[in-house]
Amino acid sequence: MTAALALGAAPSCGGTETGNPPFAPDMGGGGYDPMGLSPDPAVESALISVEEAKLEDCEGAQVPLLRRAVLDAVGGQLRVLEPLEVPAGLYCAIELSIAACEDPDRCRTIFAPYAVSIDGTRRADGASIEVRDATRFVVRLEGSFDVTPDAGGLLLAVDRTLLTSGLSLSSIPAVDGVVLVDETTNADRLPALRAGLQSAMTLRRDLDGDATLDPEEIMAAPLAQPPE
Ligand SMILES: [Ca+2]
């Protein structure tokens, strides 16, 4: 009993600060291209629909952070329909359930019929790229980060050069000028899309509190990143 209490009080697993009321953290997001790199295909639209995000404390307990959000990795915006309150404290992971928002009553203000929807242009021949994934999957990011009213907001960041890098889009013949990847066409490429999104995402600190991803926030070390 004593040992368990001592473990629970260890600084690396501080958990929640008792006595502080739960609060809804400020959330934002966006996409970026690492310096000197440009994605091929050129990404013109990338919408990622987050059905639910959960924070995980350093003992593995999860608390819901938000529901029904859309991350626009080109427009540089995270729209959250349902922000939730969480206990202030130290957290060690964030899990995102990526899924289409299908309930018209609850999702009418966001257009997100797919879990992931990417439009772009293939540089070699100018073919239009359309990637549509309707299957639910989970993205997990791990790190050690404070979520408190004073620590600053959280940003979901997407490296756009990694989004489609595993799909081998250059090897798919265009049909009427379009390269389509969805549940019925070139569906064997969709697992690589899900792996690509997992590798492309990080959790960042919103240093200036404007809910958008700024260059200095990309230069700073991420709060949480894909597990090794
Ligand atoms: Ca910012």
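## An exposed loop residue

With just 7 C-beta neighbours inside 10 Å, Asp176 counts as exposed, because the cut-off for that label is 12 or fewer. Keep in mind that we're looking at a predicted model here. Asp176 sits in the loop that runs between α3 (160–163) and β10 (178–181).

Its backbone is worth a look too: the phi of Asp176 is near 50 degrees, a positive value in a residue other than glycine. For context, most residues other than glycine have a negative phi.

## Another positive phi

Asn186 also has a positive phi without being a glycine, this time near 55 degrees. You'll find Asn186 in the loop between β10 and α4 (190–200).

So is Asn186 buried, exposed or partly exposed? Asn186 has 17 other C-beta atoms within 10 Å, and since a buried residue needs 20 or more and an exposed one has 12 or fewer, Asn186 lands in the partly exposed class.

## A cis peptide bond

Now for the backbone at Asp40 and Pro41: the peptide bond joining them is cis, with omega at about 5 degrees. Most peptide bonds, by contrast, are trans. Pro41 belongs to the loop between β1 (27–32) and β2 (42–57).

## The chain as a whole

Zooming out, the protein chain carries 5 helices and 12 strands. It has 228 residues, and 36% of them count as buried.

What about contacts across the sequence? Take those between residues at least 6 apart in the protein chain: 75% of them join residues at least 24 apart.

Note on methods. Residues numbered from 1 in each chain as written. Predicted model: local features only at pLDDT ≥ 70, side-chain atom pairs only at ≥ 80, totals over all residues. Helix = DSSP H or I, 4+ residues; strand = E, 2+ residues; numbered from the N terminus. Contact = placed C-beta atoms within 7 Å.
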